[in-house]
Amino acid sequence: MSPPPIIAPSILSADFAALGKACSDTIDHGATWLHVDIMDGHFVPNMTFGAPVVTKIRPHVQRPSSAYGTGTFDCHMMIAEPKKWVKDFRKAGCDLYCFHYEAAVNSTAAENPADHAESRTNPKDMIRYVHEQKMLAGIAIKPETPVDVLWDVLDNTDKEEVPDMVLVMTVHPGFGGQKFMASELPKVGALRDRYPNLNIEVDGGLSEATIDQAAEAGANVIVAGSAVFGAKDPADVISKLKSAVESRR
C-alpha cells in the first residue's frame, strides 16, 4: 500500500489581500499541507514572494506535530540557487524544502544569499544540508527532465542523502493555471513501481477532472491551486481529491 493521500493546495491561487486567513481556512477545509510556490525570476520566468511572506503566514497555521503532518508548509523552491535560501526558509517556518534537481546540478554551494562560492552543489549534498537544518527534503523535476536521473539519488544507502518526497511537475514551472500534462504520469508510475513507500507529489493542472489519472499512476501528494481556491465549496473539492487517491492505494 502506498503512503496516505496528502492534499496540498497551492497558495499562489489564494487571495493575497487576506493570505493568512486563506491559509488557515484551507486547513480547516481539510487540506493536509499548504504548497508554497517560491519563484525567483531566474530559474523560472515568473516571480512570487520570499521568506518574509512565509514568516507572516506561519502564525496562521499551526505547525505539524509530526513529520508530514497537517499544517506542513511544503515550499517548492523554483530558484536558481537553492542552497543559499535553506536557512532563511527554515527560520520562516518551512517544514519541507523542495528544490529542483535541475538547479541543484547547476548552482553554487554558498549557504547564505550574500555569499559566493567556487564549489558547486549536487542533489545529494542538498538533501543532506536540508536534513541538517531539521526540515524534510523534496526534489522536483521539470517535464523535460527524465525520471531516471533520480535513481542514483533515491537508491543511496546513506539515508541522510535520500529525499523524503519527489515532485513530478505536470506543467512547466513558472505560472499557475496551465493545462495538465498527462505525458508526465509514466514518471510517476515508474517511481511508484520502484519505490512503493515514497511520497510522490504532482503539481500542475490538478483538479477533479484530472485527479483520477494522477492517482491511478501512483501519486499520493496532490497540489491543486485554482481547483481549490476558486471553488464554491473548497472542502468538497479537497474531499474528492483525497478520496480519489485513497481509493487507489
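Visitor: What is the sign of phi at Lys134, the residue that H5 is followed by?
Guide: The phi of Lys134, which follows H5, is positive, near 65°. This is a predicted model, in which local features need pLDDT of at least 70, side-chain atom pairs count only at pLDDT 80 or more, and totals for chains, interfaces and linings use all residues. Residues are numbered from 1 along each chain as its sequence is written, and side-chain values use heavy atoms, with hydrogens and water left out.

Visitor: What makes H5 a helix?
Guide: Helices are DSSP runs of H or I with at least four residues, and strands are runs of E with at least two, numbered from the N terminus. H5 covers residues 123-132, so H5 meets the requirement of at least four residues. The protein has ten helices and eight strands.

Visitor: Which residues of H5 are called buried?
Guide: They are Pro123, Met126, Ile127, Tyr129, Val130 and His131. Buried means under 20% relative accessible area, with a 1.4 Å probe and protein chains only. Their cover includes helix H3 (86-92), strand E4 (96-100) and helix H6 (151-154).

Visitor: What caps the N-terminal end of H5?
Guide: Asn122 does, with a side-chain oxygen 3.1 Å from the backbone nitrogen of Lys124.

Visitor: Why does the radius of gyration of the protein agree with that of a compact globule?
Guide: The radius is taken over C-alpha atoms, and the globule rule is 2.2 Å times the number of residues to the power 0.38. For 249 residues a compact globule would have a value near 18 Å, and the protein has 17 Å, so the two agree.

Terms used: Buried < 20%, exposed > 50% of the residue type's maximum accessible area, 1.4 Å probe, protein only. Contact = heavy atoms within 4.5 Å. Polar contact = N/O pair within 3.5 Å; in protein donor to acceptor, adjacent residues only side chain to side chain.
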